[in-house]
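Here's a quick briefing to read with the structure open beside you. Take it one topic at a time, and look up each part as you go.

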Amino acid sequence: MFAVLSFWFLVQLFALAALPLAWRLLAALPSRGYALAKPLGLLLVSYVLWLGASLGFLRNSAGGVLLSWALVAGLSLWIGREAWQRDAAGQRPLLAWLAEHRRLVLVTELLFALALAGWAWVRSYSPQITTAGGEKFMELTFLNGILRSERFPPLDPWLAGFGISYYYFGYVMLAALTRLSGLAPSVAFNVGLATWFALTLTGAFGLALDMTAALLARRRPEGEAGDEVERVPLPRPAYVAGLLGALFVGVLGNLVGFLESMHSMGVGSVRFWRWLDIKDLNCLGGPTYTEPIANCPAAGGGLLPDRFFWWWRASRVINDRDLLGNAVEVIDEFPFFSFLLGDMHPHVLALPFVLLAVGLALAVALGSREGKGERAGEAASAGAPQKANAEALTSSLTPSLTGYRSLFTVPRSPFTVFPLGPAGFLLYALALGGLAFLNTWDFPIYVFLTMLAVGLSRSRAQGGVSWAVAGQALLAAVALGVAGVLLYLPFYVGFQSQAGGILPNFIFPTRLAQFFVMFGPLLTAAIFLLTALSRDEPRAVAQASLGFLGLTVLVPLIVLLAFLLLAVLTPAGQALVDRLRDLPAVQQQVGDASLVEIALDVARLRLRTPWTYLLLAGLLAWTLGLLARWLAAAPDAQRSEELPARSPVVGFVLAALLTALLLTFSVEFVYLRDSFGVRMNTVFKFYFQAWVLLALVAAFAVVYLAAFAGPALRTAGLAAVGLLVVGGLFYPVLATYTRAEQFKPQPTLDGTAYLAVGNPADAAAVAWLRANVSGVATVLEAHGGSYTYAGRISAQTGLPTLLGWEGHELQWRGDTVEQDRRRPDIERIYRSAQGAELQRLLDAWGIDYLVVGPLERQTFGITPQSEARFARAMDLVYDGGDVRIYRRRG
């Protein structure tokens with residue numbers, strides 16, 4: 001209980017520091033960013049700590065965290081001084097606002113507390129930080145390494161002498177909370193996971209509430225922020241949308257849980273399950289999932305699947321098949337699966353800050369309460385020509401010459417699109433740039449969404465869409481991108497990556513059935529929303545959408561054709577093709593077939609599986625058509641007031657939907673080249689963000705359908721979405737019960753408590769090192785492959801070893817140069833070196849302690865006789881029976 005309360009209190013402390021700032025920065029949001037103050041505070045305090053420790057001004061210590069908190073609190077009070085200074089009526093605006101919106105405060109805080117306590121309770125039944133089935137051991141290694149580091153970049157416990165070459169900002173945040181709480185890292189790991197779950201749910205709640213409240217609430221008197229307190233209560237349906245947002249983003253599962261139950265009960269024919277072709281449900285087995293399984297599906301099971309690890313398969317719905325029909329691994333996690341798995345991986349650590357980025361973009365789209373007079377003046381001066389440009393864009397997609405001439409026209413200040421001007425721009429850049437440090441993939445995605453939001457805001461301010469608006473949006477995105485990198489420059493200086501450019505995806509189209517299993521409830525809600533938004537002017541929307549359809553259908557094919565021509569016509573392309581054809585895996589696939597024959601095989605494969613591509617192309621065109629009509633109506637403020645479909649927030653919802661669709665559409669044709677060699681990781685990262693955006697759109701869609709759709713459409717839409725949501729809830733209910741081992745084990749939040757039972761000698765040695773070795777010292781232990789027990793001492797103490805998980809170091813650094821240099825000397829030390837040679841190797845590598853335990857004896861074949869050479873050259877400082885620790889002399 002104390003562990004959970006300590007993290008709850010610290011998050012509230014960080015939120016309090018940022019609240020005045022959030023109240024002004026997110027003033028355009030109906031909730032004024034109350035729920036987002038928590039991640040904002042955590043982000044700002046961690047940034048100050050990280051930057052100070054990177055530049056040598058601060059120590060990575062409890063004192064450093066508290067000083068960072070004080071600096072952030074002071075900055076927040078200064079920038080947000082209008083929130084707490086008394087106004088003409090003698091009120092402190094922020095306090096008065098909190099009193100007026102106590103229901104919002106109560107619901108937000110209740111949701112946060114329940115989610116934190118509830119998920120901590122669930123985790124207490126499956127808290128193990130193990131080496132298999134996830135990345136938890138790696139994540140504990142990073143946490144302990146950061147806690148051991150006085151300065152940044154933090155030391156890499158699995159490659160002594162090097163800093164962590166990974167996006168580690170989320171672990172800095174977790175380490176700050178761990179230091180202040182005084183919890184053991186193995187406990188803080190699980191409490192931290194529950195905290196991030198609670199931050200995700202409250203962030204999603206706040207965003208969905210804001211999106212819906214902006215649609216439903218009456219217009220309020222405009223004025224400078226802080227000169228009056230809004231007394232219009234948030235509409236009750238907005239709270240419903242907020243809770244749906246929390247449910248859809250953080251709790252809802254894909255439809256695999258429902259399908260697993262049906263399969264367990266023997267429902268469905270073998271033909272159906274093989275057509276669906278989801279691993280372990282398709283009645284196929286073997287290493288490539290091509291061998292038929294007898295008596296499948298077996299009848300007589302219950303609603304709760306009993307197949308081992310069944311819940312894992314929800315993250316492997318997409319089942320790519322190569323040209324020979326062999327299964328190829330693809331990852332398609334969604335937030336609840338990630339929290340259930342229990343990995344504190346960057347995509348999970350980034351979630352609350354992704355939602356913060358969406359909130360910042362929404363604030364831009366809705367427009368700050370500050371500077372509205374200037375925007376009104378811009379809109380008035382724009383006049384009819386801007387409206388004509390908007391209509392021209394919708395009808396012919398060709399901008400006017402006048403609009404072209406104004407391409408580089410900028411507002412009087414480049415910062416007017418951001419709340420708080422230059423200070424707001426820097427805060428936006430800091431939040432967006434932080435995504436690159438948290439989970440690099442997210443950075444360009446949310447810069448893109450912010451760019452769309454700027455375009456929507458400027459189109460309203462300037463009386464319609466124009467090339468000038470497009471130029472301003474692009475300029476804002478470039479400025480944010482550059483500033484976001486510069487603000488985190490110390491991170492990039494030492495960062496290495498396995499990324500190697502963009503490759504075409506020729507042979508792995510996604511099957512529509514599997515895509516629907518993945519996104520069915522959310523996608524259905526989005527389709528009904530598009531239908532409802534189109535009903536006011538269906539012919540105009542259809543015309544605009546058809547204008548975009550050719551674009552969405554043809555451009556991806558042109559991209560693939562361009563890749564093919566480059567491969568055939570350029571020397572570099574031909575050399576790449578030759579290298580690829582020499583690979584054994586490729587040889588097995590294509591043999592001696594010519595490039596033309598391979599191209600024909602690819603074309604036939606694509607023609608057999610076009611439906612996901614065509615569906616997404618159609619939805620993209622539809623969304624673009626609605627956006628074009630929304631932009632055409634932007635100059636007509638009165639019409640925008642009268643028609644819900646022309647509300648400012650609808651433009652943002654369409655922009656969010658467009659971003660989500662582009663993410664899922666892009667992986668049909670391209671992927672990022674990495675050490676995996678296939679699109680597995682790209683699908684993983686893009687689908688995860690698409691889920692977040694689609695979930696927010698779906699929550700908005702439900703309320704929009706209930707409030708504004710016609711009776712038939714409302715009934716059909718709510719019924720379809722409701723049934724699919726019920727199907728999606730099978731997974732969180734049944735998988736949680738399974739993952740928690742039916743809530744039968746003795747609960748604990750200590751993720752390494754199991755080692756005291758399974759490996760008591762190692763656990764005792766770790767405890768001795770933690771108690772007796774302060775600061776940084778190099779400990780030599782057995783190294784090995786990823787997801788093994790290798791590196792277990794460094795992982796649990798943060799003390800660096802020469803080499804830990806070799807496969808992960810390859811992923812982080814892009815090569816094995818350093819690993820190859822160290823491996824022979826590690827072998828010599830453990831297998832044969834003695835006397836002067838042993839001393840020379842220990843000195844050369846700066847090894848302070850050497851561990852000899854069961855793993856080392858098994859790995860290096862150490863006998864009692866060969867171990868005696870360590871006792872002659874080093875001091876035995878710990879003898880726990882099976883594990884001995886020797887210290888270098890001198």
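pLDDT is the predictor's confidence in each residue, on a scale from 0 to 100. For this protein chain it averages 88, and 91% of the residues score at least 70. This is a predicted model, so local features need pLDDT of at least 70 and side-chain atom pairs count only at pLDDT 80 or more, while totals for chains, interfaces and linings use all residues. Residues are numbered from 1 along each chain as its sequence is written, and side-chain values use heavy atoms, leaving out hydrogens and water.

**Where confidence drops**
- Over residues 218-229 the pLDDT stays under 50, and the model gives them 22 contacts (heavy atoms within 4.5 Å) beyond four places in sequence.
- Residues 369-412 also have a pLDDT below 50, with 76 contacts beyond near neighbours in sequence.

**The four-stranded sheet**
- Helices (H or I, at least four residues) and strands (E, at least two) are DSSP runs, numbered from the N terminus.
- Two strands pair if DSSP finds at least two bridges between them.
- Four strands make an open sheet in the order S7-S8-S10-S9, with mixed pairing.
- At the edges sit S7 (779-780) and S9 (874-879), and each pairs on one side only.
- S9 and S10 (residues 884-888) run antiparallel over five bridges, and one of the bridge partners is Arg888 in S10, matched with Met874.

**A well-covered helix**
- Helix H27 (residues 611-632) has 22 residues, and its expected span is 1.5 Å times one less than that number.
- That gives 32 Å, and the end C-alpha atoms are 31 Å apart, which agrees.
- Of those 22 residues, 17 are buried (under 20% relative accessible area with a 1.4 Å probe, protein chains only; exposed is over 50%, partly exposed in between).

**Backbone oddities**
- Most residues other than glycine have a negative phi, and most peptide bonds are trans.
- The bond from Phe152 to Pro153 is cis, with omega near 10°; Pro153 is in the loop between helix H7 (136-148) and helix H8 (169-181).
- Cys283 isn't a glycine, yet its phi is positive at about 60°; you'll find Cys283 in the loop between helix H12 (270-276) and strand S1 (284-285).
- Cys283 counts as buried because its relative accessibility is 1%.
- Leu420 has a positive phi too, near 70°, and lies in the loop between helix H17 (401-405) and helix H18 (421-439).
- With 15% relative accessibility, Leu420 counts as buried.

**Salt bridges**
- A salt bridge is a side-chain nitrogen of Lys or Arg within 4 Å of a carboxyl oxygen of Asp or Glu, and the count here comes to 32.
- What does the bridge between Lys136 and Asp343 tie together? With closest N and O atoms 3.0 Å apart, the pair links helix H7 to the loop between helix H13 (335-341) and helix H14 (346-349), parts that are 207 residues apart in sequence.
- Lys136 is buried at 2% relative accessible area, and Asp343 is buried at 6%.
- Arg321 bridges to Asp277, with the closest N and O atoms 2.9 Å apart; the pair ties strand S3 (residues 320-321) to the loop between H12 and S1, 44 residues apart in sequence.
- Arg629 meets Glu537 at 3.3 Å, N to O, and both are buried.
- Glu260, Asp280, Arg307 and Arg313 are joined into one network by salt bridges that share partners.
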